[in-house]
Amino acid sequence: MKLKRLLSILIILSTIFLTGCWSSREINTLAITACIGIDKTENGYLVTEQVLNPRAIASKKATAESPVVIYTAEGNDLAEIVRRFTTQSSRVLYNADLRMVVFGEDVAKDGIQNILDYFLRNYEYRTDFYFVIAKNSTANEVLGTLTPIELVPGFSMYISLKMSEEKWAAMKSIRIIELVNSIIADGDNPVLTGIEISQDEISPESTDILKQSGEYKKLKYTGLGAFNKDKLVGWLDEDESKGYNYITDNVKNTIEYADYDSKVKITYEVLNAKSRTKVYFLENKPAIEVKIKTKCNIVIVEGEFDVSAEENKQILNKLLASKVKLLCEKALNKAQKELKTDIFGFGEAIHRKYPKTWEKLKDDWNDKFTDLPVNITVEAETNQLGQITKPLFMKEKE
């Protein structure tokens, strides 16, 4: 009897407390946001929201409608601006599926601290979306550009960034927690990937015109924007961006080439690159040693060069090691001599290893970083030479 009475009480309590999702909304009342763009204006911010057009996406027949609807609003407070969108949309904007946030360059240069506070503090946003910077255009123009293959440009940007980071070492994806941690860390500064509109075509005035004309623009990722805390201070080009990723252990797979001489060029697929940063003292001052190990396959051999010959195997490894080291030195030189910002986390490495020494350095670290000795060594190992070893048209010497 006691057991039955206990079960009865549990059933009654479950009906009281398990009442379902009290705050749920029907999907046909929501406008799903794929991407948000933030530009700077005289009055504060211009916020652009790229919202899915369910009628166009769900249609089984070809339609002339754009797959996304663009909403814009201006003001000096992000929460106020986002709430103002209710005056334009018949549906409540739903931000939980947000994939991308695009900063205009002016916003990034002015500082993104307050913007990040809004996204972290607001329960409507998850933390798995990426941040990029509109380069040579505004965030509004980037969001108003339709892309081929993928219907929704915001989803296309998200997929493309993930893929390019995995297959091309010049890009980096970063989520809000990583971005904030990099900003607040001692001796480290973030980078964000740049995105720009292809310049070989004229950008449309609206997505409606673009859809009607059938002309799609191309969005492409280009280089990394370097920050000093929360402010953009400059750009790394493609080679420098690759070097940054090699130093910071962020290369998963990429393509590199190196010239043996004026007639021979070797192209490599880098399969794995591991980087390790060590702090040591040089003349009673901290210094950095970066050791990089790479594994690769041979992809193309241009010219007469027998990669299968034993005496040439070490040459292959040295060529790739020299190329990777050159890329790293370009990135380091740009950060130390021109941008004057530690984007590699060397200061953080000193902080972890020698906290007492760091206390003496941290107040003017960016100045001291410019003279920080950094020694970079690269080891390369060739795994496979390809399905053929000698070039097809290389003749045997008699």
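**View 1. I255 in the predicted model, within strand β10**. I255 is partly exposed, because its relative accessible area of 34% falls between the 20% limit for buried and the 50% limit for exposed residues. The residue belongs to strand β10, which spans residues 254-259.

**View 2. A nonpolar patch on the surface formed by I255, V299 and I300**. Together, I255, V299 and I300 have about 220 Å² of accessible area. For the protein chain as a whole, the exposed area is about 22,100 Å², of which carbon and sulfur atoms supply 50%.

**View 3. Surroundings of Y268**. With neighbours within four places in sequence left aside, Y268 is in contact with T254, I255, E256, Y257 and A258. Further contacts of Y268 are C296, N297, I298 and V299, along with L316, L319 and L320. Two of the patch residues, I255 and V299, are thus among the residues shown here.

**View 4. The largest nonpolar core**. This core has 47 residues, and Y246, Y268, F344 and F346 have the most contacts inside it. Helix α11, residues 310-339, gives the most to the core, with 11 residues.

**View 5. A second, separate core**. This core has 36 residues, including A31, A73, V101 and F129.

**View 6. The protein chain as context for the close-ups**. The chain contains 14 helices and 13 strands. Of its 398 residues, 47% count as buried. Among contacts between residues at least 6 apart in sequence, 72% join residues at least 24 apart.

Technical notes. Residues are numbered from 1 along each chain as its sequence is written. This is a predicted model: local features need pLDDT of at least 70, side-chain atom pairs count only at pLDDT 80 or more; totals for chains, interfaces and linings use all residues. Side-chain values use heavy atoms; hydrogens and water are left out. A nonpolar core is a set of buried Ala, Val, Leu, Ile, Met, Phe, Trp, Tyr and Cys residues joined through side-chain atoms within 4.5 Å. Buried means under 20% relative accessible area, exposed over 50%, partly exposed in between (1.4 Å probe, protein chains only). Helices (H or I, at least four residues) and strands (E, at least two) are DSSP runs, numbered from the N terminus. Contact means heavy atoms within 4.5 Å. Accessible areas come from the Shrake-Rupley method with a 1.4 Å probe; for residues, only the protein chains shown count as cover. Patches are made of residues with over 30% relative accessible area and no salt bridge: like charges are joined within 9 Å, nonpolar side chains (Val, Leu, Ile, Met, Phe, Trp, Tyr) within 5 Å. A salt bridge is a side-chain nitrogen of Lys or Arg within 4 Å of a carboxyl oxygen of Asp or Glu.
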